[in-house]
Amino acid sequence: MTAHRKIGIMGAIPEETEGIKSLITNPKEEIYVMRTYVSGQINGIDVVLVFSRWGKVAAAATTASLIQKFGVNEIILTGVAGAISGDLKIGDIVLSARLVQHDLDARPLFKQHEIPLLGKTFIESDKSLSNWAERAINKVLETKTLNNTLSQKTLKAFGITHPKLYKGDIASGDVFFSNKKQKENLLQTLPTIKCVEMEGAAVAQVCYEHNTPCVIIRTISEEADEKAVIDFPLFIKEISSIYSKEIIKNMFEKM
Ligand code: ADE
């Protein structure tokens with residue numbers, strides 16, 4: 001017998017969580033350990049929505065509560081990320097293949113980036129959640145859907161023409177990347193990384209330890225360089241919250 005599905009949806013940006021909240025029917029809010037959890041249904045499927053809060057520790061604590069207290073058995077995290085790989089542009093979406101903590105370094109006891117005691121450096125995302133998300137993201141990125149969702153003015157302001165979906169590795173750490181040197185240093189030790197953010201690998205580790213499938217979806221908000229601090233807040237307001245709501249809406253329409 002398959003378990004009753006209860007999906008945890010985490011938004012890494014409060015504006016994003018607000019947008020997704022409007023999709024939930026019969027919403028019931030509960031404050032627990034400084035976080036507001038919204039339980040209800042999207043398209044008849046039980047969900048619990050919460051803002052992850054920022055950084056690895058906060059996101060790990062939120063994930064543990066989602067699983068242990070709210071009983072979710074799958075987790076989707078959406079948010080923004082800075083581009084690391086040169087082929088990514090603002091407005092592209094990265095779907096996690098694997099997650100790694102770029103700031104984890106317990107050498108000489110363990111290899112650089114290896115999670116102590118788990119004997120793992122990368123944590124793989126769940127294939128079936130990933131396939132499900134992929135179909136929804138492709139729909140959101142179709143020119144027709146995009147033009148219905150965002151104004152021409154907004155798309156032009158961010159130089160978004162034909163945004164693409166990439167499946168690849170995501171690095172997380174308690175650092176906001178805002179210069180080229182940080183990117184170069186990261187790529188030297190972790191050459192497969194597509195983008196950088198501050199929560200995904202923590203969520204993935206907690207999910208792995210609880211045997212809970214998860215996937216991370218990140219929209220590229222800036223290039224993690226000197227311009228990041230200007231592009232980041234603008235992007236969140238104008239684009240990321242709308243993208244995330246559309247992705248979640250499309251995912252639950254195509255169960
Ligand atoms: N999330 C979005 N952009 C980021 C950046 N430049 N560094 C870390 N996390 C991010």
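Select glutamate 134 to begin: this residue is partly exposed, with a relative accessible area of 24%, where partly exposed means between the limits for buried (under 20% relative accessible area) and exposed (over 50%), computed with a 1.4 Å probe on protein chains only. The model is a predicted one, in which local features need pLDDT of at least 70 and side-chain atom pairs count only at pLDDT 80 or more, while totals for chains, interfaces and linings use all residues. Residues are numbered from 1 along each chain as its sequence is written, and side-chain values use heavy atoms, with hydrogens and water left out.

**Salt bridges**

With glutamate 134 still selected, add lysine 167, because the side chains of these two residues meet in a salt bridge at 2.7 Å, N to O; the term stands for a side-chain nitrogen of Lys or Arg within 4 Å of a carboxyl oxygen of Asp or Glu. The pair links distant parts of the chain, since lysine 167 belongs to strand β8 (residues 165-172) and glutamate 134 to helix α3 (residues 127-141), 33 residues apart. Helices (H or I, at least four residues) and strands (E, at least two) are DSSP runs, numbered from the N terminus. Lysine 167 is itself partly exposed, at a relative accessible area of 44%.

Select arginine 218 and glutamate 199 next, whose side chains form a salt bridge of 2.9 Å, N to O. This pair, too, links distant parts of the chain: arginine 218 is in strand β10, and glutamate 199 is in the loop between β9 and α7 (200-209), 19 residues apart. Are the two partners buried or exposed? Arginine 218 is buried, with a relative accessible area of 1%, and glutamate 199 counts as buried at 3% relative accessibility.

For another pair, select arginine 107 and aspartate 105, whose side chains meet in a salt bridge of 2.7 Å, N to O; aspartate 105 is partly exposed, with a relative accessible area of 38%. Then select Glu18, Lys21 and Glu29, which are linked in a network of salt bridges. A search of the whole structure finds 17 salt bridges.

**Strand β1 and its partners**

Now select residues 6-11, which make up strand β1; 5 of its 6 residues are buried, so the strand is largely enclosed by the rest of the structure. Add strand β4 (residues 45-51), which runs parallel to β1 and is joined to it by 6 bridges; two strands pair if DSSP finds at least two bridges between them. Strand β5 also pairs with β1 in the parallel sense, over 5 bridges. Glycine 8 is a useful residue to centre on: its bridge partner in β4 is valine 48, and in β5 it stands opposite isoleucine 75.

**Two buried serines**

Move to serine 125, in the loop between β7 (123-124) and α3, and note that it is buried, with a relative accessible area of 9%. Not counting residues up to four places away in sequence, serine 125 touches Ser96, Ala97, Leu99, Cys214 and Val215, contact meaning heavy atoms within 4.5 Å.

Serine 221, in strand β10, is the next selection, and is buried with a relative accessible area of 0%. With residues up to four places away in sequence again left out, serine 221 touches Val80, Ala81, Ile90, Asp231, Phe232 and Phe235.

**Phenylalanine 232 and the largest pocket**

Follow that contact to phenylalanine 232, found in helix α8 (residues 228-253), which counts as partly exposed at 24% relative accessibility. Leaving aside neighbours within four places in sequence, phenylalanine 232 is in contact with Val80, Phe176, Ser221 and Glu222. Its C-alpha atom is separated by 9.4 Å from that of isoleucine 220, 12 residues apart along the chain.

Which residues lie nearest the centre of the largest pocket? They are Val80, Phe176, Glu197, Met198 and Phe232, out of a lining of 19 residues. On a 1 Å grid over the protein atoms alone, a pocket is an open set of points where a 1.4 Å probe fits, with protein on both sides within 12 Å along at least five of seven lines, and lining residues have an atom within 4 Å of a point. About 270 Å³ of space lies in this pocket.

To finish, colour β5 (74-83), β9 (193-197) and β10 (214-222), each of which supplies at least two residues of the lining; β5 gives the most, with 4 residues. The lining divides into 12 nonpolar, 3 polar and 4 charged residues.

Conventions. Points joined across faces, edges and corners; volume = space filled by probe spheres on them. Nonpolar A, V, L, I, M, F, W, Y, C, P; charged D, E, K, R; others polar.
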